[in-house]
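Here is a walk through one protein model, from its links to its cores. Keep the coordinates open as you read.

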Amino acid sequence: MNHLSRTSFLIPVLCFLCLQIQPLHSFSTQPMNCTDTTRLCTSFLAFKPQENLTLAMIQSMFDVLPQDVTREGNGHGYIFIKKNCSCLSKDKVYVTNSTYTVKFSGGYVYDIVINAYDGLAFLPNTTRQAKVGAVVSLRLFCGCSSGLWNYLVSYVMKEGDTVQSLSSRFGVSMDSIETVNGIQNPDNVTAGALYYIPLNSG
């Protein structure tokens, strides 16, 4: 087998291996740091459900009641989940807890959970295989305002989103979004990363 033939053979194999070890999506989300471990606040998570998710399934995923789920009314297809948010005493980050029931067997629990929540959840990276019916405990990204705003919305940036478009969409100034997230350059935001949108009314 000549060099060109070996290369032609290896490329599909390597690509197949990449597909096996890479998560379905790549998220670069990190929790918000905190210091006051007695702090408890109301927060919101912006979530874009897949078409096959019913309200009951969303309630189960986020461990909330029907009145805690609000649909965004501007055609973006998002819903906002109202959750209590607290500061972990050990890790000093804001989180809210939930559980997820695995819907099918096969693949890794970590990949399934991370992708089911579209970047809003985190849990230890594990190679545990998924089994239908298994219940997974996880944490969701949330945030408590420093006092300048009443609420923070956890939002995973999508392709095409900008600080300016989010400012217009949520009715909050660009400066406010930049301040909360420590953004130095509004043109330098990352799709797949978590940002917090400050709001004065929920």
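With a torsion of -95° about the S-S bond, the link of C41 and C144 is left-handed. Their sulfur atoms sit 2.0 Å apart. This is a predicted model, and the geometry here is computed from it. C41 lies in strand β1, while C144 lies in the loop between β6 and β7. The two cysteines are 103 residues apart, so the disulfide links distant parts of the chain. Both C41 and C144 are buried.

How many disulfides does a search of the whole structure find? The search finds three. A disulfide is a covalent bond between the sulfur atoms of two cysteines.

Take C34 and C87 next. Their sulfur atoms are 2.0 Å apart. The S-S torsion is about 90°, so this disulfide is right-handed. C34 belongs to the loop between α1 (3–21) and β1. C87 belongs to strand β3, 53 residues apart from C34. C34 is buried, and C87 is buried too.

The remaining disulfide to visit joins C85 to C142, with an S to S distance of 2.0 Å. Its torsion is about 80°, so the link of C85 and C142 is right-handed. C85 is in strand β3 and C142 is in the loop between β6 and β7, so the pair ties together parts that are 57 residues apart in sequence. Relative accessibility is 0% for C85, which counts as buried. C142 also has 0% relative accessibility and counts as buried. Number the bonded cysteines in sequence order, and the pairing reads 1-4, 2-6, 3-5.

Now step back to the fold. The secondary structure comes to five helices and eight strands. Along the sequence, the pattern is α-β-α-β-β-β-α-β-β-β-α-α-β. Among contacts between residues at least 6 apart in sequence, 66% join residues at least 24 apart. Of the 202 residues in the protein, 42% are buried. The protein exposes about 11,700 Å², and carbon and sulfur atoms supply 53% of that area.

Next, the interior. The largest nonpolar core has 41 residues. Which of its members touch the most other members? They are M61, F62, I81, Y94, Y100, V113 and Y117. Several elements give two or more residues to this core. The helices among them are α2 (55–62) and α3 (109–116). The strands are β1 (40–47), β3 (79–87), β4 (94–101), β6 (135–141), β7 (151–156) and β8 (194–199). Helix α3 gives the most, with six residues.

Look more closely at Y117. Leave aside its neighbours within four places in sequence. Y117 is then in contact with F47, M61, F62, S98, T99, Y100, L138 and L140. Apart from the largest core lies another core, of 17 residues. Its members include F44, Y155, V163 and F170.

Turn to the charged pairs. The structure holds two salt bridges. One joins R169 to E72, with the closest N and O atoms 2.9 Å apart. R169 lies in helix α4 (residues 163–170), and E72 lies in the loop between β2 (69–71) and β3, so the pair ties together parts that are 97 residues apart in sequence. Are these partners buried or exposed? R169 is buried, and so is E72.

The other salt bridge pairs K158 with D118. Here the closest N and O atoms are 2.5 Å apart. K158 is in the loop between β7 and α4, and D118 is in the loop between α3 and β5 (121–122). The two residues are 40 residues apart, and their pairing links distant parts of the chain. K158 has a relative accessible area of 24%, so this lysine is partly exposed. The cut-off for buried is under 20%.

End at helix α5 (residues 174–181). Which of its residues are buried? They are S176, I177, E178 and V180. What do the buried residues of α5 pack against? They pack against β7, α4 and β8. An α-helix has 3.6 residues a turn, so residues three or four places apart point the same way. G182 follows α5, with a positive phi near 65°.

How values were computed
Residues are numbered from 1 along each chain as its sequence is written. This is a predicted model: local features need pLDDT of at least 70, side-chain atom pairs count only at pLDDT 80 or more; totals for chains, interfaces and linings use all residues. Side-chain values use heavy atoms; hydrogens and water are left out. A nonpolar core is a set of buried Ala, Val, Leu, Ile, Met, Phe, Trp, Tyr and Cys residues joined through side-chain atoms within 4.5 Å. Buried means under 20% relative accessible area, exposed over 50%, partly exposed in between (1.4 Å probe, protein chains only). Helices (H or I, at least four residues) and strands (E, at least two) are DSSP runs, numbered from the N terminus. Contact means heavy atoms within 4.5 Å. A salt bridge is a side-chain nitrogen of Lys or Arg within 4 Å of a carboxyl oxygen of Asp or Glu. A disulfide is a pair of cysteine sulfur atoms within 2.5 Å. Accessible areas come from the Shrake-Rupley method with a 1.4 Å probe; for residues, only the protein chains shown count as cover.
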